[in-house]
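Subject: Handover of a structure and the findings

Dear colleague,

Please find below the structure that I am handing over to you, followed by an account of what was found in it. I would be grateful if you kept the model open while reading.

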Amino acid sequence: MTGKPPARPQPRALRSRLWFDNPDNPGMTALYLERYLNFGLTGAELRSGKPIIGIAQTGSDLSPCNRHHLDLAHRVREGIRSAGGVALEFPTHPIQETGKRPTAALDRNLAYLSLVEVLYGYPLDGVVLLTGCDKTTPACIMAAATVNTPAIVLSGGPMLNGWWKGERAGSGTAIWQARQEMAAGRITAEEFIEIAAATAPSIGHCNTMGTASTMNALAEALGMSLPGCAAIPAPYRERRQIAYETGVRAVEIVNEDLKPSDILTRKAFENAIVACSAIGGSTNAPIHINAIARHVGVPLTIRDWEEIGFDVPLLVNMQPAGKYLGEEFFRAGGLPAVMRELQKQKRIHDDAMTINGKPMGENIKGAAIADPDVIHPYDRPMVKDAGFKVLSGNLFDSAIMKMSVIGEEFRQRYLSDPKDPNAFEGRAVVFEGPEDYHARIEDPALGIDERTILVIRGVGPIGYPGSAEVVNMQPPAVLIKKGVTSLPCIGDGRQSGTSASPSILRTTACSLHCRSSASSCRRMRKPTRRNRRFKGRSCRRSNGKRQRARPSRPIVSGQRNS
(Lines give C-alpha, C1' and ligand atoms only; values in the text may rest on other atoms or scores of the structure.)
Protein backbone atom coordinates (compact mmCIF):
# COMPACT_ATOMS: atom_id res chain seq x y z
CA MET A 1 0.00 0.00 0.00
CA THR A 2 1.40 3.33 -1.01
CA GLY A 3 0.49 6.83 0.03
CA LYS A 4 1.83 10.31 0.40
CA PRO A 5 4.47 10.85 3.07
CA PRO A 6 3.26 12.86 6.06
CA ALA A 7 3.52 16.59 5.51
CA ARG A 8 6.46 18.21 7.20
CA PRO A 9 5.55 21.03 9.58
CA GLN A 10 6.21 24.39 8.04
CA PRO A 11 8.74 26.48 9.93
CA ARG A 12 7.35 29.59 11.54
CA ALA A 13 7.91 32.71 9.49
CA LEU A 14 10.67 34.72 11.09
CA ARG A 15 10.27 38.47 11.29
CA SER A 16 13.95 38.93 10.37
CA ARG A 17 13.11 37.67 6.86
CA LEU A 18 11.28 40.97 6.27
CA TRP A 19 14.72 42.56 6.34
CA PHE A 20 17.00 39.93 4.82
CA ASP A 21 14.90 37.63 2.65
CA ASN A 22 11.83 39.44 1.38
CA PRO A 23 11.04 38.44 -2.23
CA ASP A 24 8.29 41.03 -2.36
CA ASN A 25 10.78 43.85 -1.85
CA PRO A 26 14.20 42.93 -3.27
CA GLY A 27 15.39 46.52 -3.27
CA MET A 28 15.03 46.93 0.49
CA THR A 29 16.38 43.43 1.07
CA ALA A 30 19.57 44.41 -0.75
CA LEU A 31 19.79 47.65 1.22
CA TYR A 32 19.41 45.91 4.58
CA LEU A 33 21.81 43.11 3.68
CA GLU A 34 24.73 45.09 2.36
CA ARG A 35 25.67 46.90 5.56
CA TYR A 36 25.28 43.82 7.77
CA LEU A 37 27.83 42.08 5.58
CA ASN A 38 30.57 44.65 6.14
CA PHE A 39 31.91 43.12 9.34
CA GLY A 40 32.07 39.53 8.17
CA LEU A 41 28.58 38.05 8.27
CA THR A 42 27.58 36.29 5.07
CA GLY A 43 24.41 36.57 3.06
CA ALA A 44 23.98 32.82 3.46
CA GLU A 45 23.84 33.17 7.22
CA LEU A 46 21.35 36.01 7.23
CA ARG A 47 19.13 34.40 4.57
CA SER A 48 19.40 30.83 5.88
CA GLY A 49 16.14 30.90 7.79
CA LYS A 50 18.00 30.64 11.08
CA PRO A 51 16.55 32.72 13.95
CA ILE A 52 18.42 35.93 14.59
CA ILE A 53 18.78 36.35 18.34
CA GLY A 54 19.64 39.68 19.90
CA ILE A 55 21.81 39.93 22.99
CA ALA A 56 20.77 42.99 24.99
CA GLN A 57 24.10 43.96 26.52
CA THR A 58 23.73 45.90 29.79
CA GLY A 59 27.38 45.61 30.76
CA SER A 60 29.93 48.37 30.28
CA ASP A 61 32.63 50.25 32.16
CA LEU A 62 29.88 52.58 33.40
CA SER A 63 27.95 49.61 34.79
CA PRO A 64 30.42 47.56 36.85
CA CYS A 65 27.71 45.34 38.37
CA ASN A 66 26.96 44.07 34.86
CA ARG A 67 30.38 44.45 33.26
CA HIS A 68 31.13 40.71 33.29
CA HIS A 69 28.23 40.26 30.84
CA LEU A 70 30.74 41.39 28.21
CA ASP A 71 32.41 38.03 28.84
CA LEU A 72 29.25 35.99 29.49
CA ALA A 73 27.88 37.13 26.13
CA HIS A 74 30.52 34.97 24.42
CA ARG A 75 29.02 31.87 26.03
CA VAL A 76 25.53 33.06 25.11
CA ARG A 77 26.70 33.41 21.48
CA GLU A 78 28.10 29.88 21.52
CA GLY A 79 24.79 28.56 22.78
CA ILE A 80 22.86 30.45 20.11
CA ARG A 81 25.17 29.24 17.37
CA SER A 82 25.09 25.59 18.50
CA ALA A 83 21.28 25.65 18.53
CA GLY A 84 21.15 26.95 14.98
CA GLY A 85 20.76 30.68 15.48
CA VAL A 86 22.64 33.83 14.55
CA ALA A 87 23.62 36.21 17.38
CA LEU A 88 23.61 40.00 17.14
CA GLU A 89 24.78 41.80 20.27
CA PHE A 90 23.84 45.41 20.96
CA PRO A 91 24.25 47.90 23.86
CA THR A 92 21.47 49.17 26.07
CA HIS A 93 21.22 52.44 27.99
CA PRO A 94 23.62 52.10 30.98
CA ILE A 95 22.24 51.75 34.50
CA GLN A 96 24.45 51.68 37.58
CA GLU A 97 22.63 52.24 40.87
CA THR A 98 25.74 53.40 42.69
CA GLY A 99 27.05 55.56 39.89
CA LYS A 100 24.20 57.71 38.58
CA ARG A 101 23.36 61.07 40.12
CA PRO A 102 20.88 62.10 41.35
CA THR A 103 19.21 58.70 41.04
CA ALA A 104 19.30 55.76 38.66
CA ALA A 105 15.50 55.51 38.84
CA LEU A 106 15.38 57.90 35.89
CA ASP A 107 17.32 55.43 33.79
CA ARG A 108 14.94 52.49 34.13
CA ASN A 109 12.42 54.07 31.80
CA LEU A 110 15.10 55.43 29.48
CA ALA A 111 16.56 51.93 29.15
CA TYR A 112 13.08 50.50 28.67
CA LEU A 113 12.14 52.95 25.92
CA SER A 114 15.39 52.52 24.02
CA LEU A 115 15.16 48.73 24.20
CA VAL A 116 11.57 48.80 22.93
CA GLU A 117 12.77 50.68 19.87
CA VAL A 118 15.55 48.15 19.24
CA LEU A 119 13.32 45.09 19.62
CA TYR A 120 10.62 46.57 17.43
CA GLY A 121 12.67 48.27 14.74
CA TYR A 122 15.56 45.87 14.09
CA PRO A 123 15.75 42.38 12.49
CA LEU A 124 15.54 40.32 15.68
CA ASP A 125 13.45 37.17 16.14
CA GLY A 126 14.19 36.82 19.85
CA VAL A 127 16.39 38.30 22.54
CA VAL A 128 18.53 37.33 25.51
CA LEU A 129 18.18 39.94 28.25
CA LEU A 130 21.41 40.32 30.22
CA THR A 131 20.36 41.65 33.64
CA GLY A 132 22.01 42.37 36.97
CA CYS A 133 22.04 45.74 38.70
CA ASP A 134 18.69 46.77 40.18
CA LYS A 135 16.81 48.42 37.33
CA THR A 136 18.36 46.60 34.40
CA THR A 137 16.08 43.65 35.14
CA PRO A 138 12.71 45.44 35.07
CA ALA A 139 13.77 47.69 32.19
CA CYS A 140 14.62 44.68 30.02
CA ILE A 141 11.54 42.64 30.92
CA MET A 142 9.24 45.64 30.49
CA ALA A 143 10.57 46.14 26.97
CA ALA A 144 10.25 42.49 26.01
CA ALA A 145 6.72 42.45 27.42
CA THR A 146 5.76 45.56 25.44
CA VAL A 147 6.99 44.22 22.09
CA ASN A 148 6.05 40.63 23.07
CA THR A 149 8.99 39.11 21.26
CA PRO A 150 10.43 35.79 22.50
CA ALA A 151 12.79 36.71 25.32
CA ILE A 152 14.79 35.01 28.06
CA VAL A 153 16.59 36.53 31.05
CA LEU A 154 20.20 35.77 31.98
CA SER A 155 21.13 37.45 35.25
CA GLY A 156 24.77 38.15 36.01
CA GLY A 157 24.72 36.81 39.57
CA PRO A 158 25.89 38.27 42.87
CA MET A 159 29.44 39.03 43.92
CA LEU A 160 31.31 36.66 46.20
CA ASN A 161 30.83 37.25 49.91
CA GLY A 162 32.51 40.31 51.34
CA TRP A 163 34.47 40.03 54.59
CA TRP A 164 35.73 42.63 57.05
CA LYS A 165 37.72 41.57 60.11
CA GLY A 166 36.22 38.10 60.10
CA GLU A 167 32.61 39.24 59.66
CA ARG A 168 30.46 39.08 56.54
CA ALA A 169 30.33 42.46 54.85
CA GLY A 170 27.27 42.67 52.65
CA SER A 171 26.84 45.11 49.79
CA GLY A 172 25.06 48.25 50.90
CA THR A 173 24.14 46.82 54.29
CA ALA A 174 27.70 47.23 55.56
CA ILE A 175 27.71 50.79 54.20
CA TRP A 176 24.73 51.80 56.35
CA GLN A 177 26.35 50.18 59.38
CA ALA A 178 29.70 51.87 58.68
CA ARG A 179 27.99 55.26 58.44
CA GLN A 180 26.77 54.78 61.97
CA GLU A 181 30.20 53.65 63.16
CA MET A 182 31.81 56.74 61.68
CA ALA A 183 29.14 59.01 63.15
CA ALA A 184 29.84 57.49 66.55
CA GLY A 185 33.57 58.13 66.11
CA ARG A 186 34.53 54.46 66.17
CA ILE A 187 36.06 54.37 62.66
CA THR A 188 37.77 56.91 60.43
CA ALA A 189 36.73 58.04 56.97
CA GLU A 190 39.53 55.94 55.48
CA GLU A 191 38.31 52.85 57.34
CA PHE A 192 34.82 53.58 56.03
CA ILE A 193 36.16 53.37 52.48
CA GLU A 194 38.04 50.15 53.29
CA ILE A 195 34.82 48.57 54.61
CA ALA A 196 32.95 49.66 51.50
CA ALA A 197 35.63 48.15 49.25
CA ALA A 198 35.56 44.91 51.24
CA THR A 199 31.90 44.41 50.33
CA ALA A 200 32.76 44.19 46.63
CA PRO A 201 35.42 41.47 46.30
CA SER A 202 34.56 40.24 42.80
CA ILE A 203 32.50 40.78 39.68
CA GLY A 204 28.72 40.70 40.08
CA HIS A 205 25.88 42.66 41.60
CA CYS A 206 25.04 43.13 45.30
CA ASN A 207 25.59 39.98 47.37
CA THR A 208 22.80 40.96 49.79
CA MET A 209 19.07 40.57 49.21
CA GLY A 210 18.89 44.11 47.90
CA THR A 211 16.99 45.17 44.82
CA ALA A 212 19.40 43.45 42.40
CA SER A 213 19.18 39.99 44.01
CA THR A 214 15.46 40.51 44.56
CA MET A 215 14.63 41.43 40.98
CA ASN A 216 16.70 38.64 39.47
CA ALA A 217 15.12 36.14 41.85
CA LEU A 218 11.69 37.44 40.86
CA ALA A 219 12.57 37.19 37.17
CA GLU A 220 13.10 33.49 37.90
CA ALA A 221 9.90 33.31 39.98
CA LEU A 222 8.01 34.89 37.07
CA GLY A 223 9.40 32.14 34.84
CA MET A 224 11.53 34.38 32.63
CA SER A 225 14.90 32.74 33.36
CA LEU A 226 16.05 29.15 33.55
CA PRO A 227 15.54 27.39 36.92
CA GLY A 228 18.30 28.15 39.39
CA CYS A 229 19.73 31.03 37.36
CA ALA A 230 19.30 33.92 39.79
CA ALA A 231 21.40 32.81 42.75
CA ILE A 232 24.55 31.56 40.96
CA PRO A 233 27.44 33.84 42.02
CA ALA A 234 28.95 35.73 39.11
CA PRO A 235 32.45 34.13 39.22
CA TYR A 236 31.22 30.52 39.56
CA ARG A 237 31.59 28.14 36.61
CA GLU A 238 27.86 27.46 36.78
CA ARG A 239 27.25 31.05 35.70
CA ARG A 240 29.06 30.55 32.37
CA GLN A 241 27.37 27.19 31.94
CA ILE A 242 23.89 28.63 32.33
CA ALA A 243 24.87 31.44 29.94
CA TYR A 244 25.45 28.80 27.28
CA GLU A 245 22.19 27.02 28.14
CA THR A 246 20.34 30.34 27.95
CA GLY A 247 21.68 30.92 24.44
CA VAL A 248 20.48 27.48 23.37
CA ARG A 249 17.06 28.06 24.86
CA ALA A 250 16.78 31.47 23.18
CA VAL A 251 16.72 29.77 19.79
CA GLU A 252 14.24 27.17 20.96
CA ILE A 253 11.70 29.70 22.26
CA VAL A 254 11.73 31.43 18.88
CA ASN A 255 11.04 28.12 17.14
CA GLU A 256 8.29 27.41 19.67
CA ASP A 257 6.94 31.00 19.49
CA LEU A 258 6.99 31.18 23.30
CA LYS A 259 6.45 34.83 24.11
CA PRO A 260 6.44 36.92 27.31
CA SER A 261 2.64 37.07 27.23
CA ASP A 262 2.58 33.26 27.50
CA ILE A 263 4.64 33.40 30.70
CA LEU A 264 3.82 36.71 32.37
CA THR A 265 0.30 35.78 33.48
CA ARG A 266 -1.58 36.75 36.62
CA LYS A 267 -0.49 33.43 38.19
CA ALA A 268 3.15 34.23 37.46
CA PHE A 269 2.87 37.63 39.15
CA GLU A 270 1.19 36.10 42.19
CA ASN A 271 4.06 33.60 42.40
CA ALA A 272 6.51 36.50 42.32
CA ILE A 273 4.72 38.32 45.15
CA VAL A 274 4.78 35.24 47.36
CA ALA A 275 8.43 34.58 46.53
CA CYS A 276 9.36 38.17 47.36
CA SER A 277 8.00 37.82 50.89
CA ALA A 278 9.75 34.49 51.42
CA ILE A 279 13.18 35.81 50.36
CA GLY A 280 12.86 39.12 52.26
CA GLY A 281 12.82 41.06 49.00
CA SER A 282 13.33 44.75 48.45
CA THR A 283 10.57 47.34 48.82
CA ASN A 284 11.48 48.44 45.30
CA ALA A 285 10.08 45.18 43.92
CA PRO A 286 6.41 46.31 43.78
CA ILE A 287 7.36 49.35 41.70
CA HIS A 288 9.12 47.24 39.09
CA ILE A 289 6.87 44.17 39.11
CA ASN A 290 3.73 46.30 38.80
CA ALA A 291 5.33 48.14 35.87
CA ILE A 292 6.08 44.85 34.11
CA ALA A 293 2.49 43.72 34.70
CA ARG A 294 1.14 46.93 33.23
CA HIS A 295 3.22 46.58 30.07
CA VAL A 296 2.08 43.01 29.50
CA GLY A 297 -1.55 43.91 30.28
CA VAL A 298 -2.03 42.05 33.58
CA PRO A 299 -3.97 43.95 36.29
CA LEU A 300 -1.84 44.29 39.43
CA THR A 301 -2.03 46.86 42.22
CA ILE A 302 -0.06 47.75 45.33
CA ARG A 303 -2.90 46.27 47.42
CA ASP A 304 -2.23 42.88 45.85
CA TRP A 305 1.15 42.77 47.54
CA GLU A 306 -0.45 42.79 50.99
CA GLU A 307 -3.43 40.60 50.13
CA ILE A 308 -1.32 37.91 48.46
CA GLY A 309 2.03 38.18 50.22
CA PHE A 310 1.66 39.66 53.71
CA ASP A 311 1.18 36.39 55.61
CA VAL A 312 4.01 34.59 53.79
CA PRO A 313 6.88 33.79 56.20
CA LEU A 314 10.49 34.88 55.76
CA LEU A 315 12.49 31.78 54.84
CA VAL A 316 15.82 33.19 53.61
CA ASN A 317 18.37 34.18 56.25
CA MET A 318 20.19 36.75 54.14
CA GLN A 319 21.24 40.33 54.77
CA PRO A 320 19.70 42.84 55.34
CA ALA A 321 16.94 40.83 57.05
CA GLY A 322 19.30 38.06 58.13
CA LYS A 323 22.89 36.92 58.47
CA TYR A 324 24.18 35.33 55.27
CA LEU A 325 25.07 36.47 51.75
CA GLY A 326 24.74 35.29 48.17
CA GLU A 327 27.17 32.38 48.19
CA GLU A 328 25.40 30.68 51.09
CA PHE A 329 22.00 31.26 49.48
CA PHE A 330 23.16 29.57 46.28
CA ARG A 331 24.69 26.61 48.12
CA ALA A 332 21.55 26.22 50.22
CA GLY A 333 19.45 25.70 47.11
CA GLY A 334 18.67 29.18 45.81
CA LEU A 335 15.23 30.18 44.66
CA PRO A 336 14.15 26.65 43.58
CA ALA A 337 14.47 25.45 47.20
CA VAL A 338 12.42 28.43 48.41
CA MET A 339 9.75 27.83 45.77
CA ARG A 340 9.62 24.14 46.71
CA GLU A 341 8.87 25.06 50.34
CA LEU A 342 6.12 27.37 49.13
CA GLN A 343 4.80 24.69 46.79
CA LYS A 344 4.48 22.18 49.62
CA GLN A 345 2.22 24.66 51.42
CA LYS A 346 0.22 25.33 48.22
CA ARG A 347 1.27 28.98 48.24
CA ILE A 348 2.24 29.12 44.55
CA HIS A 349 0.63 28.23 41.23
CA ASP A 350 2.22 25.01 40.00
CA ASP A 351 0.78 25.41 36.52
CA ALA A 352 2.36 28.78 35.73
CA MET A 353 4.34 28.36 32.50
CA THR A 354 8.08 29.12 32.51
CA ILE A 355 10.71 29.85 29.90
CA ASN A 356 11.96 26.26 29.61
CA GLY A 357 8.51 25.22 28.40
CA LYS A 358 7.60 23.50 31.65
CA PRO A 359 5.27 24.62 34.44
CA MET A 360 6.78 25.98 37.64
CA GLY A 361 5.68 22.95 39.65
CA GLU A 362 7.62 20.56 37.44
CA ASN A 363 10.76 22.70 37.58
CA ILE A 364 10.94 22.70 41.37
CA LYS A 365 9.63 19.27 42.32
CA GLY A 366 13.15 17.95 42.91
CA ALA A 367 14.50 21.01 44.74
CA ALA A 368 15.47 20.76 48.39
CA ILE A 369 17.02 22.86 51.14
CA ALA A 370 20.71 22.03 51.56
CA ASP A 371 21.26 24.27 54.60
CA PRO A 372 18.24 24.94 56.86
CA ASP A 373 20.05 27.77 58.62
CA VAL A 374 20.20 29.71 55.36
CA ILE A 375 16.84 28.69 53.91
CA HIS A 376 14.45 27.90 56.73
CA PRO A 377 11.68 25.33 56.37
CA TYR A 378 8.22 26.85 56.04
CA ASP A 379 7.16 25.66 59.48
CA ARG A 380 10.25 27.20 61.16
CA PRO A 381 10.51 30.64 59.55
CA MET A 382 12.60 33.58 60.62
CA VAL A 383 9.54 35.86 60.63
CA LYS A 384 5.94 34.69 60.46
CA ASP A 385 4.23 37.46 58.49
CA ALA A 386 7.06 38.84 56.35
CA GLY A 387 5.34 40.51 53.43
CA PHE A 388 4.70 44.17 52.75
CA LYS A 389 2.05 46.13 54.61
CA VAL A 390 0.16 48.75 52.64
CA LEU A 391 -0.77 51.71 54.81
CA SER A 392 -3.16 54.62 54.43
CA GLY A 393 -4.50 57.34 56.67
CA ASN A 394 -4.82 61.08 56.94
CA LEU A 395 -1.09 61.70 56.39
CA PHE A 396 -1.10 59.91 53.05
CA ASP A 397 -3.32 57.92 50.73
CA SER A 398 -0.91 55.02 50.33
CA ALA A 399 2.45 53.84 51.65
CA ILE A 400 4.33 50.58 52.05
CA MET A 401 6.35 49.02 54.86
CA LYS A 402 8.59 45.96 54.85
CA MET A 403 7.75 43.77 57.83
CA SER A 404 10.70 41.37 57.64
CA VAL A 405 13.24 44.02 58.72
CA ILE A 406 11.48 45.10 61.93
CA GLY A 407 14.16 43.97 64.36
CA GLU A 408 13.78 43.17 68.04
CA GLU A 409 15.58 46.35 69.16
CA PHE A 410 13.25 48.52 67.07
CA ARG A 411 10.19 46.62 68.25
CA GLN A 412 11.14 46.93 71.91
CA ARG A 413 11.83 50.62 71.59
CA TYR A 414 8.84 51.69 69.55
CA LEU A 415 6.23 48.93 69.43
CA SER A 416 6.05 47.56 72.95
CA ASP A 417 3.50 49.76 74.70
CA PRO A 418 1.44 47.21 76.71
CA LYS A 419 -1.68 49.34 76.21
CA ASP A 420 -1.21 49.53 72.43
CA PRO A 421 1.70 47.27 71.45
CA ASN A 422 1.56 47.96 67.73
CA ALA A 423 1.50 51.75 67.84
CA PHE A 424 4.04 54.49 68.43
CA GLU A 425 3.43 58.13 69.21
CA GLY A 426 6.05 60.85 68.78
CA ARG A 427 7.05 64.23 67.39
CA ALA A 428 8.01 64.39 63.71
CA VAL A 429 10.85 66.44 62.27
CA VAL A 430 10.40 67.07 58.56
CA PHE A 431 13.23 67.53 56.06
CA GLU A 432 12.82 69.03 52.59
CA GLY A 433 14.86 66.46 50.72
CA PRO A 434 18.25 64.80 51.35
CA GLU A 435 20.24 68.03 51.14
CA ASP A 436 18.18 69.51 53.96
CA TYR A 437 18.52 66.31 55.97
CA HIS A 438 22.32 66.25 55.71
CA ALA A 439 22.56 69.96 56.48
CA ARG A 440 20.43 69.87 59.62
CA ILE A 441 20.33 66.34 61.10
CA GLU A 442 23.05 67.22 63.63
CA ASP A 443 21.44 70.55 64.62
CA PRO A 444 20.70 70.34 68.37
CA ALA A 445 18.00 73.00 67.96
CA LEU A 446 15.77 70.38 66.32
CA GLY A 447 15.59 68.51 69.62
CA ILE A 448 15.74 65.08 67.97
CA ASP A 449 15.58 62.34 70.56
CA GLU A 450 14.74 58.65 70.63
CA ARG A 451 11.01 59.49 70.49
CA THR A 452 11.31 61.47 67.26
CA ILE A 453 9.95 60.41 63.88
CA LEU A 454 12.05 61.52 60.89
CA VAL A 455 10.07 62.58 57.83
CA ILE A 456 11.51 63.42 54.42
CA ARG A 457 9.38 64.85 51.63
CA GLY A 458 9.75 66.08 48.09
CA VAL A 459 11.77 63.02 47.07
CA GLY A 460 9.12 61.11 45.14
CA PRO A 461 8.80 60.59 41.37
CA ILE A 462 7.99 64.25 40.72
CA GLY A 463 9.55 66.18 43.58
CA TYR A 464 12.93 64.46 43.21
CA PRO A 465 13.03 63.07 39.68
CA GLY A 466 12.64 59.33 39.57
CA SER A 467 12.12 58.87 43.32
CA ALA A 468 15.31 58.82 45.39
CA GLU A 469 16.55 56.12 47.77
CA VAL A 470 16.96 58.49 50.71
CA VAL A 471 14.22 57.63 53.22
CA ASN A 472 16.42 55.41 55.41
CA MET A 473 17.75 58.34 57.48
CA GLN A 474 20.06 57.59 60.38
CA PRO A 475 19.75 59.41 63.73
CA PRO A 476 22.09 62.23 64.72
CA ALA A 477 25.49 61.16 66.05
CA VAL A 478 24.59 62.02 69.63
CA LEU A 479 21.89 59.33 69.61
CA ILE A 480 24.02 56.75 67.81
CA LYS A 481 26.65 57.13 70.53
CA LYS A 482 23.92 56.31 73.06
CA GLY A 483 23.02 53.14 71.18
CA VAL A 484 19.98 54.46 69.31
CA THR A 485 20.88 53.30 65.79
CA SER A 486 17.51 53.79 64.11
CA LEU A 487 14.51 56.07 64.34
CA PRO A 488 11.10 55.62 62.71
CA CYS A 489 11.27 57.11 59.21
CA ILE A 490 8.54 58.20 56.81
CA GLY A 491 9.03 59.51 53.28
CA ASP A 492 7.54 59.86 49.83
CA GLY A 493 10.67 58.38 48.23
CA ARG A 494 12.33 54.99 48.32
CA GLN A 495 15.18 53.37 50.20
CA SER A 496 17.89 50.96 49.17
CA GLY A 497 16.87 47.33 49.21
CA THR A 498 20.09 46.67 51.14
CA SER A 499 18.86 48.77 54.08
CA ALA A 500 17.41 47.18 57.20
CA SER A 501 15.56 50.36 58.16
CA PRO A 502 11.86 49.59 58.83
CA SER A 503 10.69 52.77 57.12
CA ILE A 504 7.27 53.79 55.85
CA LEU A 505 8.00 54.41 52.17
CA ARG A 506 6.51 55.90 49.01
CA THR A 507 3.83 57.88 50.80
CA THR A 508 1.47 59.60 48.39
CA ALA A 509 0.40 63.17 49.22
CA CYS A 510 2.75 63.33 52.23
CA SER A 511 4.06 66.67 51.05
CA LEU A 512 0.53 68.08 51.22
CA HIS A 513 0.03 67.11 54.84
CA CYS A 514 3.35 67.89 56.51
CA ARG A 515 3.73 71.66 56.26
CA SER A 516 6.23 72.55 58.94
CA SER A 517 9.79 71.44 59.61
CA ALA A 518 8.90 70.35 63.13
CA SER A 519 5.45 68.78 62.99
CA SER A 520 3.93 66.52 65.58
CA CYS A 521 3.03 63.03 64.43
CA ARG A 522 0.53 61.80 66.98
CA ARG A 523 0.45 58.17 66.09
CA MET A 524 2.38 55.75 63.95
CA ARG A 525 0.64 52.43 63.97
CA LYS A 526 2.37 49.24 62.95
CA PRO A 527 -0.62 47.25 61.67
CA THR A 528 -1.36 43.62 62.28
CA ARG A 529 -4.15 41.42 61.05
CA ARG A 530 -5.98 42.03 64.33
CA ASN A 531 -6.20 45.76 63.88
CA ARG A 532 -7.07 45.87 60.22
CA ARG A 533 -10.36 47.54 61.30
CA PHE A 534 -10.82 49.90 64.19
CA LYS A 535 -12.27 53.29 64.91
CA GLY A 536 -10.75 56.09 62.90
CA ARG A 537 -8.73 58.67 64.81
CA SER A 538 -9.03 62.31 63.95
CA CYS A 539 -6.21 64.78 63.56
CA ARG A 540 -5.65 68.40 62.59
CA ARG A 541 -4.43 68.87 59.04
CA SER A 542 -2.37 71.81 57.88
CA ASN A 543 -5.53 73.71 56.92
CA GLY A 544 -6.69 73.63 60.53
CA LYS A 545 -9.60 71.28 59.85
CA ARG A 546 -10.03 67.94 61.51
CA GLN A 547 -10.19 64.88 59.32
CA ARG A 548 -11.05 61.27 59.92
CA ALA A 549 -8.52 58.68 58.88
CA ARG A 550 -9.86 55.80 56.84
CA PRO A 551 -11.32 53.30 59.32
CA SER A 552 -11.00 50.32 56.97
CA ARG A 553 -7.22 50.58 56.68
CA PRO A 554 -4.33 50.80 59.17
CA ILE A 555 -3.92 54.37 60.35
CA VAL A 556 -1.05 56.77 60.48
CA SER A 557 -2.24 60.12 61.80
CA GLY A 558 -0.54 63.43 62.40
CA GLN A 559 -0.95 66.88 63.86
CA ARG A 560 0.78 70.06 62.87
CA ASN A 561 2.50 72.17 65.50
CA SER A 562 0.76 75.50 66.05
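Helices and strands are DSSP runs, of at least four residues for a helix and at least two for a strand, and they are numbered from the N terminus. The element numbers below follow that scheme. Please note that this is a predicted model.

Overall picture

The protein chain holds 21 helices and 16 strands. It has 562 residues, and 57% of them count as buried. Among the contacts in the chain with a separation of 6 or more, 75% are between residues 24 or more positions apart.

Pockets

Rolling a probe the size of a water molecule over the atoms shows where empty space is left. The largest pocket has a volume of about 1100 Å³. Its lining is made up of 42 residues, and those closest to the centre are Glu 97, Thr 98, Trp 176, Glu 469 and Ser 496. Two or more lining residues come from each of helix 7 (173–183), helix 9 (211–222) and helix 19 (434–440). By residue type, the lining of the largest pocket divides into 19 nonpolar, 17 polar and 6 charged residues.

Helix 7 also contains Thr 173. This threonine is buried, because its relative accessible area is 6%, and under 20% counts as buried. Leaving aside residues up to four places away in sequence, Thr 173 touches Thr 208, Gln 319, Pro 320 and Thr 498.

The second largest pocket encloses about 680 Å³ of space. It is lined by 27 residues, with Arg 108, Ile 287, His 288, Pro 461 and Arg 506 nearest its centre. At least two lining residues are supplied by each of helix 5 (105–121), helix 13 (285–296) and strand 8 (399–402). Helix 13 gives the largest share of this lining, with 8 residues. The lining of the second largest pocket comprises 12 nonpolar, 9 polar and 6 charged residues.

Aromatic rings

A pair of aromatic rings is described by the distance of the centres and the angle of the planes. The count for this model comes to 7 aromatic pairs. In one of them, the ring centres of Phe 20 and Tyr 36 are 5.4 Å apart and the planes stand at 75°, so the pair is edge-to-face; an angle over 60 degrees is what that label requires. Phe 20 belongs to helix 1 (residues 17–20) and Tyr 36 to helix 2 (residues 26–36), so that the pair links parts of the chain 16 residues apart. Phe 20 is buried, at 0% relative accessibility, whereas Tyr 36 is partly exposed, with a relative accessible area of 22%.

A second edge-to-face pair is formed by Tyr 236 and Phe 330, whose ring centres lie 5.6 Å apart with planes at 75°. Tyr 236 is in the loop between helix 9 and helix 10 (237–256), and Phe 330 is in helix 15 (residues 326–331), so the pair ties together parts 94 residues apart in sequence. Tyr 236 counts as buried, at 16% relative accessibility.

Two further findings concern aromatic residues. Phe 410, Tyr 414 and Phe 424 form one aromatic cluster. In addition, Lys 389 lies over the face of Phe 310, at 4.1 Å from the ring centre.

With kind regards

Key. Residues are numbered from 1 along each chain as its sequence is written. This is a predicted model: local features need pLDDT of at least 70, side-chain atom pairs count only at pLDDT 80 or more; totals for chains, interfaces and linings use all residues. Side-chain values use heavy atoms; hydrogens and water are left out. On a 1 Å grid over the protein atoms alone, a cavity is a set of points where a 1.4 Å probe fits but cannot get out, and a pocket is an open set with protein on both sides within 12 Å along at least five of seven lines; lining residues have an atom within 4 Å of a point. Grid points are joined across faces, edges and corners, and a volume is the space filled by probe spheres set on the points. Ala, Val, Leu, Ile, Met, Phe, Trp, Tyr, Cys and Pro count as nonpolar, Asp, Glu, Lys and Arg as charged, and the others, Gly among them, as polar. Rings of Phe, Tyr and Trp (its six-membered ring) pair if their centres lie within 6.5 Å; planes under 30 degrees apart count as stacked, over 60 as edge-to-face and the rest as tilted. Buried means under 20% relative accessible area, exposed over 50%, partly exposed in between (1.4 Å probe, protein chains only). A charge sits over a ring if NZ of Lys or CZ of Arg is within 6 Å of the ring centre and within 35 degrees of the ring normal. Contact means heavy atoms within 4.5 Å.
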